[in-house]
Amino acid sequence: MMTSTFGTTVKVSIFGESHAPKIGCKIGGLPAGFTVDLHELKTFLQRRSSSHPWDTPRKEIDDPKFISGISAKGTLDGSLLTAELPNNNIRPQDYSDTKIVPRPGHADFSAWAKWGDSYKQTGGGHFSARLTAPLCIAGGIALQILHAQGITIAAHVLKIKDVNDTPFELVDNSVEANKLLVLQMNQLLQTAPQELPFLDAQAGEKTRALLTQLRSEKNTVGGIIECVATGVPAGIGCPHFHGLENTISAAVFGVPAVKAIEFGSGMNVANLLGSENNDAYEVRNGAVVPTTNHAGGILGGISTGAPIWFRCALKPISSIGLPQNSVNLQTMKSEQLVVQGRHDITAVLRAVPCIESAFALALLDTLYSWPSEQNGHDNDK
């Protein structure tokens, strides 16, 4: 059994394989009558596509074909939405050796350990980052629905090896910090699809030099993506196993290469005193708001009204052009492997819209599954 479905009310399934004829997604629970800006969706998908010298040479035109659930003008009809993308630029022959010699860092061996010879993947198969294309179709639609409700999501590369970008202004939840945050988010959202997702132009230039060097060395690199949502009202979510952190994390870990996630001050809370970590409250424009945001906009699995904020770490691309030690699964003897095929030098840059998509789907599903109880506080009177 292979589960590739996410969501409680807004349910998303992705299907296909890296070198199969097509890939796609199915989305249930979307609001009937909402009109998707199809041009905006296509522009969003371009942010994920290969467009730089250090990206994979594989080029795919990700222009979704909608089979059901949406009109030609983009209006949702409330039924199951099905979208497909053809895989036109496939080269399964590049992966003939890896069917019996698992690539280090990939899911080749773990899939073989689970399904044995019955699972014959080509390239990354269903585990491939190629499946983030349909994820971005679903996420791009979710982003538009959220934006219509006053919720905005933006992400950028915070760190890639020794290159650091300007962080979001988030720990301080003051009026001034929020104004700066809005400016930072607008800068990212107005960035052209072909540009690098950095707030600091110098960080972008350093990254170009780094990736050019790594390409010549046949090596890869990971990094950290920082993502934020503003406009999320207080009271969204529920405690314990379907809390906001849980739901967001489950969606984000659906993006290949993600290995860690932290909300708010994250791991650093272990170094703080309670008096330093607690977010005090004040009344601002008639609403109760935290004055700081160490919690990352979530307490008890429920939104506080502050920006929801997390960082996630992505491992280096596993396909490197250097010799690696592995094992032949037929002979059970050691064998050296040099991975063939077409690969990125890093997943971090193209993963930014994927993280935004996963976040958007998690938020939209939470909004529809566990909305704010507007009068819940009356029970305490």
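A nonpolar core is a set of buried Ala, Val, Leu, Ile, Met, Phe, Trp, Tyr and Cys residues joined through side-chain atoms within 4.5 Å; buried means under 20% relative accessible area, exposed over 50%, and partly exposed in between (1.4 Å probe, protein chains only).

These views come from a predicted model, where local features need pLDDT of at least 70, side-chain atom pairs count only at pLDDT 80 or more, and totals for chains, interfaces and linings use all residues. Residues are numbered from 1 along each chain as its sequence is written, and side-chain values use heavy atoms, with hydrogens and water left out.

**View 1. The largest nonpolar core centres on contacts of Ile248 and Leu363.** This core has 76 residues, and Ile248 and Leu363 have the most contacts inside it. Helix H8 (residues 348–369) contributes the most, with 14 residues; helices (H or I, at least four residues) and strands (E, at least two) are DSSP runs, numbered from the N terminus. Apart from this core lies another of nine residues, among them Ala154, Met185, Leu199 and Val228. Leu363 touches residues including Leu146, Ala229 and Ile308 (contact: heavy atoms within 4.5 Å).

**View 2. Helix H8 packs on an open sheet.** The sheet has five strands in the order E7-E6-E8-E14-E9, with antiparallel pairing (two strands pair if DSSP finds at least two bridges between them). Its edge strands, E7 (163–164) and E9 (258–263), each pair on one side only. H8 touches E6, E8 (223–230), E9 and E14 (308–314), and its direction makes about 35° with that of E8; axes are lines fitted to C-alpha atoms, for helices over the stretch in contact, and angles run from 0 to 180 degrees between N-to-C directions. Of the 22 residues of H8, 21 are buried.

**View 3. Strands E1, E2 and E3 are joined by hairpins.** E1 (residues 5–6) and E2 (residues 11–16) run antiparallel, joined by two bridges, and Thr5 stands opposite Ser13. Four residues lie between these strands, and Gly7 in the turn has a positive phi of about 115°. E2 then meets E3 (residues 22–28) through six antiparallel bridges, with Val12 and Ile27 as bridge partners. The hairpin from E2 to E3 passes through five residues.

**View 4. Residues 375–381 call for careful reading.** Here pLDDT (the predictor's confidence in each residue, from 0 to 100) stays under 50, and the model has zero contacts beyond four places in sequence. Where pLDDT is low, the predicted coordinates should not be read in detail. The protein chain has a mean pLDDT of 91, and 92% of its residues reach 70 or more.
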